[in-house]
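Visitor: I'd like to learn how to read a structure like this one. Could you show it to me and take me through it feature by feature?

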Amino acid sequence: MVVTTLFDGTFDDATFAVENAIVNKGLVIDYVSHVGDMLNRTGSDVGSDEVIFGAAEIFIFCSAVVSRQVMEADPMNIVHCPYGIFVADQGGDVAVGYRSYPDGPMQAVQTLLSDIVAEATAF
């Protein structure tokens, strides 16, 4: 399941806001996946001319505090790490979102991501 919030602004403004919100939590972005560029670049290679996103990026990061908390509760919560927040532009509508996590200890991650998205999308 996906949790999305519409962003009132441009894709570039949204990516800047998400990056800042992650860093403001004291977290380090490990990687930015340029999913939109990849899909646009490879469409013809797989026989498609459909444009799915005008632009799309996923910010990948982890939290030592929250990750330790959820993995002490259940070491197999490792399957959920690292965490990601996406920004996607579909036809000029920009959304910021993340996957939802299961009930229990992983709700700590859900709260972290929700807080980051709320900060990034607040105007």
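Guide: Let's start with a term: a salt bridge is a side-chain nitrogen of Lys or Arg within 4 Å of a carboxyl oxygen of Asp or Glu. Keep in mind as we go that this is a predicted model.

Visitor: How many salt bridges does that rule give here?

Guide: The count comes to one. Arg68 pairs with Glu72, and their closest N and O atoms are 3.2 Å apart. Both residues belong to helix H3, where they sit four residues apart, about one turn of the helix. Arg68 and Glu72 are both exposed, too.

Visitor: Now the sheet. What should I look for there?

Guide: Here's the general idea: strands of a sheet pair through backbone hydrogen bonds, either parallel or antiparallel. In this model, five strands make an open sheet, and the order across it is S1-S5-S4-S3-S2, with antiparallel pairing. Strand S1 (2-7) and strand S2 (29-33) are at the edges with a single partner strand each, so one side of each has no neighbour in the sheet. From one strand to the next, the twist averages 20 degrees.

Visitor: Which residues of S4 and S5 stand opposite one another?

Guide: Strand S4 (residues 83-90) and strand S5 (residues 93-99) are joined in the antiparallel sense by five bridges. Gln90 has Asp93 as its bridge partner in S5, and Asp89 is opposite Val94 in S5. On to the other pairing of S4: seven bridges connect S3 to S4, again antiparallel. One example there is Glu57, whose bridge partner in S4 is Val87.

Visitor: And what packs against the sheet?

Guide: Helix H1 (residues 11-24) lies across S1, S2, strand S3 (55-61), S4 and S5, at about 5 degrees to S3. Helix H4 (residues 107-121) also packs on the sheet, where it touches S1, S3, S4 and S5, and its direction makes about 165 degrees with that of S5.

Visitor: How do I tell whether a residue is buried or exposed?

Guide: Look at the relative accessible area: under 20% is buried and over 50% is exposed. Glu57, in strand S3, has 16%, so Glu57 counts as buried. Setting aside neighbours within four places in sequence, Glu57 is in contact with Phe11, Thr15, Val32, Ser33, His34, Ile85, Phe86 and Val87. For a whole strand, take S4: six of its eight residues are buried, which leaves S4 mostly covered.

Visitor: Is the loop between H3 and S4 a place for buried residues or exposed ones?

Guide: You'll find one of each if you compare Val79 and His80. Val79 is in the loop between helix H3 (64-73) and S4, and its 61% relative accessibility makes Val79 exposed. Val79 joins Met76 and Ile78 in a nonpolar surface patch, with about 330 Å² of accessible area together. His80 is in that loop as well, but at 18% His80 is buried. Not counting residues up to four places away in sequence, His80 touches Tyr101, Pro102 and Met106. Asp115, in contrast, is 35 residues from His80 in sequence and 18 Å from it in space, C-alpha to C-alpha.

Visitor: What about the backbone itself? Which places deserve a second look?

Guide: The general idea first: most residues other than glycine have a negative phi, and most peptide bonds are trans. Now check the peptide bond from Cys81 to Pro82, which is cis, with omega near 0 degrees. Pro82 belongs to the loop between H3 and S4. Then go to the hairpin of S4 and S5, which has two residues between its strands: Gly91 there takes a positive phi near 60 degrees.

How values were computed:
Residues numbered from 1 in each chain as written. Predicted model: local features only at pLDDT ≥ 70, side-chain atom pairs only at ≥ 80, totals over all residues. Heavy atoms only, no water. Pairing = 2+ DSSP bridges. Axes fitted to C-alpha atoms, helices over the stretch in contact; angles between N-to-C directions. Contact = heavy atoms within 4.5 Å. Patch = residues over 30% accessible without salt bridge, like charges linked within 9 Å, V, L, I, M, F, W, Y side chains within 5 Å. Areas by Shrake-Rupley, 256 points an atom, 1.4 Å probe, with all protein chains shown as cover. Buried < 20%, exposed > 50% of the residue type's maximum accessible area, 1.4 Å probe, protein only.
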